[in-house]
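Work through the following exercises with the sequence and the model side by side. Each task is followed by a solution that goes step by step.

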Amino acid sequence: MKMTDIIAKKRDGGTLSDAEITFFINGVANGSIPDYQGAALLMAIYLKKMKPRETTCLTRCMMESGDQIDLSAIPGIKVDKHSTGGVGDKTTLVVTPLVAACGIPVAKMSGKGLGHTGGTVDKLEAFKGIRTVLNQKDFIKQVKKIGMAISGQSGNLVPADQQLYALRDVTATVDNHSLIAASIMSKKLASGTDVIVLDVKVGNGGFNPNVTTARKLAKTMIRIGQQMDRQTVAVISRMDQPLGRAVGNSLEVIEAIETLKGNGPKDLVDLSLELGTQMLLLSGKFSNKTAAKKMLQQRLRSGAALKMFAKFIKAQGGDTSGIKDYQKFPGAKYTLEVIAPTSGWIIDLTARTIGLASMQLGAGRQKKSDPIDLGAGIYLHKKIGEKVKAGTPLATLYSNKKEPLKDVAEFVLTAWSIGTKKRKPEKVVVEIL
Ligand code: URA
C-alpha cells in the first residue's frame, strides 16, 4: 500500500477502506509516515470529509494505536465526562466530586489546555504537590479507594492522536467533525469507562458556531460510542460568553471551590447539575431525572461534594490548604482593571476574545510545550444581562508579566457590547441528545 495512493483517493473524494485507514494510523503512530504526507491526507479529509463508516474506523484505529485502560477491577459502572473545550469551563472540577459523592465511581482522563481553551490538568496544577498524571495501577487503586480520580494522559494512550493533533494544529485542519470526533472518542474509549457524557459547546468560544453543527458533532460522537458498546449522551451547552466569571487556572479553581461551597455562578451550577444528572442516569442507579438532580443538589448543599474534592486532591498528593485559604494558589504580581467606556446593559460578551486575551496574559499556551502562568487570567465583573456604569470595571486582568497588560486591556475591551436595552442571557443548557 502506498500513502500517495491513499492521499490521491481522498483528494478525489473517494471513500477510504478499513485497510487504508489502518495503514495511515499505524504509520502515524510508528513514525513511518512523514509529517508532510500525514498533513496532506488531513487536508484532503478536511476538504472532502469522511463517511460515518470511515470516521468509526478512524476512531477504532486511533484507539488501538496504544494502550487501552482496563477498569474492570473497579466494581460498578464507571462514568466519564468530556467537554469539547471552552473558555472558563471548570465544570470537571465541580461535576466529578459531585457525582462521586453520590457513590458513582468517576474515572476521568483529562487534557491540558490548548489555544484559547483551558484544560483540567493545568487547573489542577494550582494545587502544590499534586500528581496530575497517575499510572494505571494508581489510577484504579484511587478510584476503588475514594471513588474518583482525574489523570492526564499517561504512558502510551492514543499516540496517534498526539501526533495527529499536533499536525492538525499547524495545518488549519483542527476544525473538522470526523477528525474532532475521532480524536475525542478514541481517547475516551481507550480510557476504559463504561459510559460517557459529552459536553458539546456551541458558540464562538468553542468549535461549533451554531446549534446545527454542534448537533451534528454530538450525533457523530454518540454513534461512535454506541458502535463501540459505550452508552454515550451529549449535552449541548452555550459557549457564547465564558462559563462563570473566572478565566485562567488559579482563578477558575477558586470559582470551582466556591461552587462546591454553594456560592457558584448560575450558569456553572446549572451546567454542572445537568452533566451530573446525565452521569447518574447512565450509571444505571437512577431512572428518574428529578431524583438524580435532587441527590446532586443535596450533595452540594450538605458539603459532601466539597469533602470528596478535598479527599481527591489529598489522594493525588496536593496541598488541600488552598481550599480554605485561596492565597495558597499561585497568584499574579500585576493586575489591571478594564473600564466600561459607556453606561448601559451588557448585550454581548465574546468568549473567544476573552480566551485569547487570557492566553496573551500567560494563562494558556499556543503550543503543547509552552509553559503557562497559573496565576494569570481574567475575572469578569460584568456578563450578558447585567447593568454597567461608565467608568466602572468590566473585568480585572491578572498576570505575572507587566508588558502585555495595557495591550490586552485594549484588545479585551472589544469582547463586550454595551446597549441601551437589557438582553437576557440564554440558558446555558441547549439540549440533550
Ligand atoms: N478536543 C480533542 O481532544 N480533540 C479535538 O480534536 C478537539 C477537541
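**Exercise 1. The ligand shell**

Task: Determine which residues surround the ligand, which polar contacts they make with the ligand, and which elements supply them.

Solution: Begin with the shell, where a residue is included if one of its heavy atoms lies within 4 Å of the ligand; the residues that qualify are Thr84, Tyr165, Arg168, Ile180, Ser183, Ile184, Lys187 and Phe207. Before going further, note that this is a predicted model, in which local features need pLDDT of at least 70 and side-chain atom pairs count only at pLDDT 80 or more, while totals for chains, interfaces and linings use all residues. Residues are numbered from 1 along each chain as its sequence is written, and side-chain values use heavy atoms, with hydrogens and water left out.

Next, sort the shell by residue class: it divides into four nonpolar, two polar and two charged residues, where Ala, Val, Leu, Ile, Met, Phe, Trp, Tyr, Cys and Pro count as nonpolar, Asp, Glu, Lys and Arg as charged, and the others, Gly among them, as polar.

Then look for pairs of N or O atoms within 3.5 Å, which is the cut-off for a polar contact; within protein, one atom must be able to donate a hydrogen and the other to accept it, and residues adjacent in sequence count only if both atoms are side-chain atoms. A polar side-chain atom of Arg168 lies 2.9 Å from a ligand oxygen, an N or O atom in the side chain of Ser183 is 2.6 Å from a ligand nitrogen, and one in the side chain of Lys187 is 2.5 Å from a ligand oxygen. The protein covers 91% of the 240 Å² of accessible area that the ligand has on its own, as computed by the Shrake-Rupley method with a 1.4 Å probe.

Finally, assign the shell to elements, taking helices (H or I, at least four residues) and strands (E, at least two) as DSSP runs numbered from the N terminus. Helix H8 (159–170) and helix H9 (177–190) are the elements that give two or more residues, and H9 gives the most, with four.

**Exercise 2. Asn208**

Task: Establish whether Asn208 is buried or exposed, and describe its surroundings.

Solution: First place Asn208 in the loop between strand S4 (195–202) and helix H10 (211–227). Its relative accessible area is 1%, so Asn208 is buried; buried means under 20%, exposed over 50%, and partly exposed in between, with a 1.4 Å probe and protein chains only. Leaving aside neighbours within four places in sequence, its contacts (heavy atoms within 4.5 Å) include His177, Val200, Thr213 and Leu217. A polar atom of the Asn208 side chain also lies 3.1 Å from the backbone oxygen of Lys201.

**Exercise 3. Asp70**

Task: Find what Asp70 touches and which residue far along the chain comes back to it.

Solution: Start from the loop between H4 and strand S1 (79–83), where Asp70 is found; with a relative accessible area of 48%, Asp70 is partly exposed. Not counting residues up to four places away in sequence, Asp70 touches Gln136 and Ile140, and its side chain is joined to that of Ser72 by a polar contact of 2.7 Å. The residue sought is Gly192, which is 122 residues away along the chain although the two C-alpha atoms are separated by 5.6 Å.
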